[in-house]
Amino acid sequence: MKSVYCDNWEQGKDNGIEICNPSWDEVKNLILQLDNDKKTLVTFGDYDMGYYMAIGGGCDKYILYLSFEDEEKIFELVNSEETEECYVELVVEGQRGRYPKSSCICQSEVLIAAETFFKYQIPDKNLTWKE
């Protein structure tokens with residue numbers, strides 16, 4: 001991974017941090033800091049190579065997607081046990097929004113998806129993805 005970024009909103013301004021060439025532990029630590037309030041988005045990957053993962057939310061309710069080929073291919077991690085008809089409020093990238101419950105993922109699945117992507121740059125085949 002070339003870099004990881006985590007936002008940090010204070011008084012309407014993003015004072016986030018970027019770490020170049022992060023370890024998995026550094027990425028995982030930033031994901032675990034997401035709080036659905038001030039720290040609401042972690043992105044990591046290699047933008048020059050055209051791939052990255054974005055994780056938003058916090059407090060055991062997250063949205064997660066992968067982008068490949070400069071956003072030509074996007075995969076969203078989904079919760080197949082939930083419906084798209086119910087919505088959950090999350091703060092992502094400092095903005096409150098409503099997301100389908102089927103898009104809200106628990107922390108344990110987010111960490112599995114993130115570690116697989118960090119190590120192999122692919123979606124974890126044991127999770128449910130929507131392209």
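**Exercise 1. Classify K13 by solvent exposure and place it in the chain.**

Solution. K13 has a relative accessible area of 53%. Buried means under 20% relative accessible area, exposed over 50%, and partly exposed in between (1.4 Å probe, protein chains only). K13 is therefore exposed. The residue lies in strand β3 (residues 13–14); helices (H or I, at least four residues) and strands (E, at least two) are DSSP runs, numbered from the N terminus. The C-alpha atoms of K13 and K28, 15 residues apart along the chain, are 24 Å from each other.

The model is predicted: local features need pLDDT of at least 70, side-chain atom pairs count only at pLDDT 80 or more, and totals for chains, interfaces and linings use all residues. Residues are numbered from 1 along each chain as its sequence is written, and side-chain values use heavy atoms, with hydrogens and water left out.

**Exercise 2. Compare the span of helix α2 with the expected one, then list its buried residues and what they pack against.**

Solution. Helix α2 covers residues 107–120, which is 14 residues. The expected span is 1.5 Å times one less than the number of residues. From first C-alpha to last, α2 reaches 20 Å, close to the 20 Å expected. Its buried residues are V110, L111, A113, A114, T116, F117 and F118. These pack (contact: heavy atoms within 4.5 Å) against elements including α1 (24–33), β5 (41–46) and β6 (51–58). After α2 comes Q121, with a positive phi near 55°.

**Exercise 3. Describe how α1 and α2 pack.**

Solution. Two packed helices are described by the angle between their axes and the distance between the axes. Axes are lines fitted to C-alpha atoms, for helices over the stretch in contact, and angles run from 0 to 180 degrees between N-to-C directions. For α1 and α2 the angle is about 150° and the axes are 11 Å apart. Angles over 145 degrees count as roughly antiparallel, under 35 as roughly parallel, 65 to 115 as roughly perpendicular and the rest as oblique. The two helices are therefore roughly antiparallel. On the α1 side the contact is made by W24, V27, K28, I31 and L32, and on the α2 side by Q107, V110, L111, A114, E115 and F118.

**Exercise 4. Find the loop and the exposure class of N21 and of D60, each with a positive phi without being a glycine.**

Solution. N21, phi about 50°, sits in the loop between β4 (17–20) and α1. Its relative accessible area is 60%, so N21 is exposed. D60, phi about 65°, sits in the loop between β6 and β7. At 44% relative accessibility, D60 is partly exposed.
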